[in-house]
Amino acid sequence: MVAVAALTEDTAAGAPLAIRGVSHEFDIEGTPLPVLDDIDLDVAPGEFVALLGPSGCGKSTLLRLVAGLEPPRAGRILFDGAPVLGPHPSRVVVFQDPTLYPWRTVEGNVSVGLEARGLLRSQRHRVGDALRLVGLDGFARVYPHQLSGGMAQRAALARALVNDPQLLILDEPLGKLDSLTRLTMQSELVSLWQRKGFTALLVTHDVEEALLLASRVVVLSDRPARIKAEVANDLPYPRHRGDPRLAELRHEVLSLLGLDATW
Amino acid sequence: MTSETIREEPAAYLAGSAARAPSFARVAAAGLAWLGAGALTYLLPEQGDWPYTAAYAALLAAIGLALILAGILGRVLPRLDERLRVSSPRLVAVAVLLTVWQLVTAKYEILPMPFFPPPQAILEVFLDDWPKLGESIWHSGWLLAGGYVIGAVAGFLTGVSIGWSRAAAYWVHPVLRFVGPLPATAWLPIAFFVFPSSWSASTFLVALATGFPVAILTWSGVASVNSAYYDIARTLGARPRFLILRVAVPAAMPHVFVGLFMGMGASFAVLVVAEMLGVKAGLGWYLQWAQGWAAYANMYAALIVMALAASGLITLLFRLRDRLLAWQKGLVRW
Ligand SMILES: Nc1ncnc2c1ncn2[C@@H]1O[C@H](COP(=O)(O)OP(=O)(O)OP(=O)(O)O)[C@@H](O)[C@H]1O
Ligand SMILES: [Mg+2]
């Protein structure tokens, strides 16, 4: 794909992420709600790790901590060897909710990162490339309220990708897409990740998606989230849905999630 | 591009479906109504002596003729035709109202006379007293513009700073809570002896009346910004300056405009009172002066001018909002 090639001009290689004994809790009207319990996770540079876990177990919270939006109550997070003390454009998040800025056009939304860092003037072409990548060229001047849910989610993805991150943090980025677009975006994500070599941390509810994309699947327990198991997946890319090995892995992961009886 | 959304209000649909009569007939009916109003005004005998009756009747007739002419032009100009078609029932209603007014005043004096002048008396004021009226408009306009702009800017800056900074909120919020609800007119006696001129005092009062609602609404707008907007901008490398100017302020804009509308209403009220009590110029003063001389027609003339000016300014503000907030859906039309 032309756009993919264009976005890879200046390849930012992935950097390692280390999560060391991270615990977190929220205070809900004075009573603490433990959400993360002693999470230890190492992600190698350029690795694609998927997090699976029951709803409300703390996956999004973990991603917020990795992004540096909140400090963990206990433990440390190291990115590229340095402690994470705040957000940084090398670690970009695609949130569960697209949350586009309603007063900016799609193009304006995608350029936010470049604009915030003063790079828009010199690198404006990357905005168009990112839009083409997610299939939104032609909608550059449209306002978010004129987009469908899936288009908004794709715009949010473009807004992250345009920054050429070293770590791409994805919180169910394809959850709102129709199944056809989701399939296309899944293979786009894989090819993008392969070309650019960024490190990726993906939260998803879709076991098949986790197995298709990730080289390692981390299964979390109920809240407070602990790491229950890790399933390595060394199948070569591009992977095929019909692969029998994939079906085996899927069975394994589902049983880890407590769904073995029905499957 | 499939991005066009239909932004028609239900009311527009209703008006459209009710108005399926051939448009020229409707416009011609409106024109005839105005011509009829002119004829009645001219032909019926009057109780008093109104020097401008003929001129006024001619004006009505001219409007009637212009409407008929526009109806003919409308056959080749579809946009004009549409506007005329929609407004012709209202135009008929206005002609009827003007005729009733004419009948109950000049023609039959059903309403007590010096207090309810006929329309031609008001036309007389516009034609004979326009220098004084024009000067009053000019004065009021300047006073309002100065005070409103100062107040809006000060209120906006105050609102953004207390919405953004805890320290600013700590110090400014109590002041705003204590002083804000006080009607700006209550400051009037003090303002007029503290300020060097009545003009600067009035500017201050108008600014105060405008600034308070703008500050409160800007503040609430900034405070209610979806925190995810900040999270996203921060992960993309935004610094506080960007967060304030490019996230908080645009997100708060719909609130700011509510404040600007409220401030405009408040500023009109203060302006009129200040002109009546202190400044010896402007439309408020003109009203006061007309009352002193029992010149009731002049009062009505000033009221009409005020209504037109106020409505025009509100329209202007709506236009500005529609431009700046084009990204919002479901905006109320003025
Ligand atoms: N800001 C907050 N304040 C208080 N509690 C919070 C906050 N954010 C999250 N929580 C709580 O933390 C728990 C984990 O939330 P989180 O959003 O991380 O779940 P999740 O695993 O992403 O769920 P899902 O898969 O449904 O998105 C939930 O019980 C939630 O109520
Ligand atoms: Mg979540």
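What follows is a walk through the ligand site, the chain contact and a few unusual backbone spots in this predicted model.

Ligand 1 makes a good starting point. It has 15 residues around it, and the closest are A:Ser55, A:Gly56, A:Lys59, A:Ser60 and A:Thr61. By type, the shell splits into seven polar, five nonpolar and three charged residues. Three elements of chain A, namely strand E1 (17–28), strand E2 (31–43) and helix H2 (59–67), each put in at least two residues, with H2(A) giving the most, at three. Oxygen atoms of the ligand also pair up with polar side-chain atoms: there is a distance of 2.8 Å to A:Gln96, 2.8 Å to A:Arg223 and 3.1 Å to A:His205. On its own, ligand 1 has 630 Å² of accessible area, and the protein covers 66% of that.

A:Arg223 turns up again in the backbone, since the peptide bond that joins it to A:Pro224 is cis, with omega at about -10°. A:Pro224 sits in the loop between strand E9 (216–220) and strand E10 (227–232) of chain A. Another cis bond runs from A:Tyr237 to A:Pro238, with omega near -5°; here the proline is in the loop between E10 and helix H10 (244–256) of chain A.

Next comes the meeting of the two chains. Chain A brings 31 residues to the contact and chain B brings 24. Together they bury about 2400 Å², 67% of it on carbon and sulfur atoms. Of the area that chain A buries against chain B, 28% comes from A:Tyr101, A:Trp103 and A:His145, more than from any other three residues.

A:Arg104 is found in the loop between strand E6 (91–94) and helix H3 (106–110) of chain A. Its relative accessible area is 11%, under the 20% cut-off, so A:Arg104 counts as buried. Leaving aside residues up to four places away in sequence, A:Arg104 touches A:Asn109, A:Val112, A:Glu115, A:Tyr143 and A:Pro144, along with B:Phe242 and B:Arg246 from the other chain. With A:Glu115, the side chain of A:Arg104 makes a polar contact of 3.1 Å.

Chain B has its own backbone oddities. Most residues other than glycine have a negative phi. B:Glu109, though, has a positive phi near 50°; this residue is in the loop between helix H4 (78–107) and helix H5 (119–128) of chain B and is partly exposed at 33% relative accessibility. B:Ala294 has a positive phi too, about 55°, and lies in the loop between helix H12 (283–292) and helix H13 (296–324) of chain B. With a relative accessible area of 43%, B:Ala294 is also partly exposed.

Note on methods: Residues are numbered from 1 along each chain as its sequence is written. Chains are lettered from A and ligands numbered from 1 in the order in which they are written. This is a predicted model: local features need pLDDT of at least 70, side-chain atom pairs count only at pLDDT 80 or more; totals for chains, interfaces and linings use all residues. Side-chain values use heavy atoms; hydrogens and water are left out. A residue is near a molecule or strand if one of its heavy atoms lies within 4 Å of it. A polar contact is a pair of N or O atoms within 3.5 Å; within protein, one must be able to donate a hydrogen and the other to accept it, and residues adjacent in sequence count only if both atoms are side-chain atoms. Accessible areas come from the Shrake-Rupley method with a 1.4 Å probe; for residues, only the protein chains shown count as cover. Helices (H or I, at least four residues) and strands (E, at least two) are DSSP runs, numbered from the N terminus. Ala, Val, Leu, Ile, Met, Phe, Trp, Tyr, Cys and Pro count as nonpolar, Asp, Glu, Lys and Arg as charged, and the others, Gly among them, as polar. Buried means under 20% relative accessible area, exposed over 50%, partly exposed in between (1.4 Å probe, protein chains only). Contact means heavy atoms within 4.5 Å. Buried area is the accessible area (1.4 Å probe) that two parts lose on being put together, summed over both.
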